[in-house]
Amino acid sequence: MKKLHSAGLIVIIFLLSCKSSSTQNTIYNIPMKDASTLQGTWQLKAIPGSSNAFEKLYPKKIPIIVFDLEKKLASGHTGCNSFSGKLDKEGFAIKLMEPITITNRFCSGEGESIFIQRLKEVTSYSIANDSILNLLKGETPILAMIKK
């Protein structure tokens with residue numbers, strides 16, 4: 001009977017140690033997953049809440065953003081001009097810092113101004129399935145992007 005209790009105690013201790021180990025791994029992997037999924041090139045897919053037709057806003061070239069988390073930079077193009085700026089990121093909070101450097105080519109339509117204005121308003125982000133990036137103003141999606 002004493003051997004049965006000892007064996008049961010060993011099994012319980014083993015199971016508890018496995019459970020606490022997996023909890024720690026989950027906690028430590030969240031920031032690494034967060035950072036690696038934002039890193040890279042994203043292409044604009046939609047402008048939630050905009051009454052303008054996406055295809056008319058960007059008839060020739062669709063805007064992209066490249067996040068370089070190591071250098072703390074965001075760059076890309078607006079569908080017309082190139083841009084870059086310093087990136088402030090902490091957890092899921094994100095902000096493209098002023099001044100934003102942008103080339104000065106003439107751009108017809110209002111696609112570029114809408115994209116830049118929304119980009120300046122971003123306060124945080126969320127990522128779904130490692131391939132869909134929602135840039136948020138508060139809790140509201142204002143730019144939807146796909147991983148390139």
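# Exercises on a predicted model

Strand 3 and strand 4 pair in the antiparallel sense, over five bridges. Two strands count as paired if DSSP finds at least two bridges between them. Helices (H or I, at least four residues) and strands (E, at least two) are DSSP runs, numbered from the N terminus.

The model is predicted: local features need pLDDT of at least 70, side-chain atom pairs count only at pLDDT 80 or more, and totals for chains, interfaces and linings use all residues. Residues are numbered from 1 along each chain as its sequence is written, and side-chain values use heavy atoms, with hydrogens and water left out.

## Exercise 1. Lay out the chain

Task: give the secondary structure, the burial and the contact range of the chain.

Solution.
- Step 1. The chain has three helices and nine strands.
- Step 2. Along the sequence, the pattern reads α-β-α-β-β-β-β-β-α-β-β-β.
- Step 3. Of the 148 residues, 32% count as buried. Buried means under 20% relative accessible area, exposed over 50%, and partly exposed in between (1.4 Å probe, protein chains only).
- Step 4. Take the contacts (heavy atoms within 4.5 Å). Among those with a separation of 6 or more, 48% come from residues 24 or more positions apart.

## Exercise 2. Follow the bridges

Task: trace the pairing from strand 2 to strand 6, with bridge partners and turns.

Solution.
- Step 1. Start at strand 2 (residues 64-68). Strand 2 pairs with strand 3 (residues 73-77) in the antiparallel sense, over five bridges. Aspartate 68 has leucine 73 of strand 3 as its bridge partner.
- Step 2. Look at the turn. Strand 2 and strand 3 form a hairpin with four residues between them. Lysine 72 in this turn has a positive phi of about 60°.
- Step 3. Cross from strand 3 to strand 4. Leucine 73 has lysine 86 as its bridge partner in strand 4. Serine 75 has serine 84 as its partner there.
- Step 4. The hairpin of strand 3 and strand 4 also has four residues between the strands. Glycine 79 takes a positive phi near 100° in this hairpin.
- Step 5. Go on to strand 5. Strand 4 and strand 5 pair in the antiparallel sense over four bridges. Lysine 89 has isoleucine 94 of strand 5 as its bridge partner.
- Step 6. Two residues lie between strand 4 and strand 5 in their hairpin. Glycine 91 in the turn has a positive phi of about 65°.
- Step 7. Finish at strand 6 (residues 101-102). Two bridges join strand 4 to strand 6, and the two run antiparallel. Serine 84 has threonine 101 as its bridge partner in strand 6.

## Exercise 3. Classify a ring pair

Task: classify the pair formed by phenylalanine 92 and tyrosine 125, then place both residues.

Solution.
- Step 1. Set the rule. Rings of Phe, Tyr and Trp (its six-membered ring) pair if their centres lie within 6.5 Å; planes under 30 degrees apart count as stacked, over 60 as edge-to-face and the rest as tilted.
- Step 2. A search of the whole structure finds three aromatic pairs.
- Step 3. The ring centres of phenylalanine 92 and tyrosine 125 are 5.2 Å apart and the planes are at 55°, so the pair is tilted.
- Step 4. Phenylalanine 92 sits in the loop between strand 4 (82-90) and strand 5 (93-96), and tyrosine 125 in strand 7 (residues 124-128). The pair links distant parts of the chain, 33 residues apart.
- Step 5. Phenylalanine 92 is partly exposed, with a relative accessible area of 44%. Tyrosine 125 is buried, at 3%.

## Exercise 4. Describe the empty space

Task: characterise the largest cavity and the largest pocket.

Solution.
- Step 1. Define both. On a 1 Å grid over the protein atoms alone, a cavity is a set of points where a 1.4 Å probe fits but cannot get out; a pocket is an open set with protein on both sides within 12 Å along at least five of seven lines; lining residues have an atom within 4 Å of a point. Grid points are joined across faces, edges and corners, and a volume is the space filled by probe spheres set on the points.
- Step 2. The count is one cavity of 30 Å³ or more. The largest cavity holds about 80 Å³ of space.
- Step 3. Its lining includes Ile65, Phe67, Ile94, Lys95 and Leu96. Strand 5 gives the largest share, three residues.
- Step 4. The largest pocket holds about 280 Å³. Of its 16 lining residues, Pro59, Lys60, Gly79, Cys80 and Ser108 are the closest to its centre.
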